[in-house]
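User: Can you walk me through this model? I'd like to go contact by contact.

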Number of protein chains: 2
Amino acid sequence: MARIRSPRQPDRPARKLRSDGERSRDAILREAARLATVDGLGGLSISRLADAVGMSKSGLFAHFGSKEELQLATVERATTLFDEQVIEPASDAASGLERLRGLVGGYLRYVEVDNFPGGCFFSSVLAEVDMQPGPVRDRLVLFLDDWLARLEAAVRDAQAEGSIDSEEDPGQLAFEVEALLLFANAQYVVVRTQVPIERARRAIERRLVAAGAKPSD
Amino acid sequence: MARIRSPRQPDRPARKLRSDGERSRDAILREAARLATVDGLGGLSISRLADAVGMSKSGLFAHFGSKEELQLATVERATTLFDEQVIEPASDAASGLERLRGLVGGYLRYVEVDNFPGGCFFSSVLAEVDMQPGPVRDRLVLFLDDWLARLEAAVRDAQAEGSIDSEEDPGQLAFEVEALLLFANAQYVVVRTQVPIERARRAIERRLVAAGAKPSD
DNA sequence: CGAGTATACGAACGTTCGTGCTAACTTGTC
DNA sequence: GACAAGTTAGCACGAACGTTCGTATACTCG
């Protein structure tokens, strides 16, 4: 089965690559990610996206061979931003517990800072496509699994370092932390107040202390 | 400002009410709620809904004056089902704590029982429209507020009865419970396993015990 | 400078969307 | 059994959708 009409070969680097094209593509994806948190990945239409970016529908469409490829590129773009703002800042933590707290704090900051009008990109979009089979859904589920595994690994490290009780189930603890983070985001975008953020922060901190962690500052 | 062409006047009870019409309307809304948990309220199109129900587009459309009224009726229908399966079974609890546990158990059962292919109707749909102003969003936000207030009231009653510590912030506790319930649903629809359900159950029970509640059974 | 190509545009495509009109059929009431 | 009202189907509309095509611009490299 040969690949059918793929206008942009990712593995085979296009002969030439112009700087203005890269800038356009970047502006498109930035706006696409923003719009997707409001209208969803499906509700995001190419015409309206083109209007928002300020270019023609066909000119925009030429960057991607199909709407699905546009959606995938949008997800990839949002992933990069998430990595920069949440994952990387926590990666240089000295211990597992610090890294866990860094991920939690990084996520809540990432929500507060209003990167997207509709809150966390992945929270908005995952609920939309979780029942629609296809590569977009698969990519997003993969992201969530990766994120949960990252939380879980931090818990495990903290247990190995003795800062979290070894009787705690890491998957269970990661589940509880993620639940609070997601609901904090969901509530934040509707009430636009610090209250849900602080509630999640307090709940997670208490939960960690109950799991044997020493209180932070 | 007069209302423009409302085909069904709710306040003025229509003279006659035919049984086949009621049955059709019910079948339509049942299917609409199911489809909405997969494709969303916006992704739900009248043509596909008509096909799924087995009637013509215009015949279906005649029951509602607009797509928005169809969406509102669908939300109302889902609310009724939620009340029957979650709210009412817990309403005859003897104490606040029992009622709280009844609501939690009722919700998780309502998720497990697969009423909708895409899990909890409100969880699916709220994330979709929380950024799209309009009566549909308003109705759904009202539902969530009502549900949270119900959890909070049960906590407060339990405090008045001495079964939950009076130092606990009822809003905070309701926030944590709802976060776990929502994430249990979200995870359940993607992994289709009892694991997230049981994790939520365990987390909530532990949280209640930490808040001073006596363990159940 | 001129050749080649990445980028963008405008127009048009076929399809699906929500909605409106009209006629036929079905049901409940007298 | 007739008549009114509720219910459904057929057909058509304008708009928006994703997508394709031909073409014009503008950058890059030889």
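User: Start with the DNA. How do the residues near DNA strand C divide by class?
Analyst: This is a predicted model. The surface near DNA strand C has twelve charged, eleven polar and six nonpolar residues.

User: Which residues come nearest to DNA strand C?
Analyst: A:Gly21, A:Ser58, A:Gly59, B:Ser45 and B:Ser47, out of 29 residues around the strand.

User: Which helices supply that surface?
Analyst: In chain A, helix H1 (19-43) and helix H3 (57-61) each give at least two residues. In chain B, helix H1 (19-43), helix H2 (46-53) and helix H3 (57-61) each do so too. The largest share comes from H1(A), with four residues.

User: Switching to the protein-protein side. How many residues does each chain put into the contact?
Analyst: Chain A puts in 29 residues, and chain B puts in 29. On the chain A side, H1, helix H6 (121-129), helix H8 (170-191) and helix H9 (195-210) each supply at least two. H8(A) gives the most, eleven residues.

User: And the classes on that side of chain A?
Analyst: 16 nonpolar, seven polar and six charged.

User: Now the packing inside chain A. At what angle do H7 and H8 of chain A pack?
Analyst: About 125 degrees, with the axes 8 Å apart. That angle is why H7(A) counts as oblique to H8(A). Their crossing is right-handed.

User: Which residues make that contact?
Analyst: H7(A) uses A:Leu148, A:Leu151, A:Glu152, A:Val155 and A:Arg156. H8(A) answers with A:Pro170, A:Gly171, A:Leu173, A:Ala174, A:Val177 and A:Glu178. By class, the contact has seven nonpolar, one polar and three charged residues.

Note on methods:
Residues numbered from 1 in each chain as written. Chains lettered and ligands numbered in written order. Predicted model: local features only at pLDDT ≥ 70, side-chain atom pairs only at ≥ 80, totals over all residues. Near = placed C-beta within 6 Å. Nonpolar A, V, L, I, M, F, W, Y, C, P; charged D, E, K, R; others polar. Contact = placed C-beta atoms within 7 Å. Axes fitted to C-alpha atoms, helices over the stretch in contact; angles between N-to-C directions. Parallel < 35°, antiparallel > 145°, perpendicular 65-115°, else oblique. Left-handed = near helix turned anticlockwise from the far one by under 90°.
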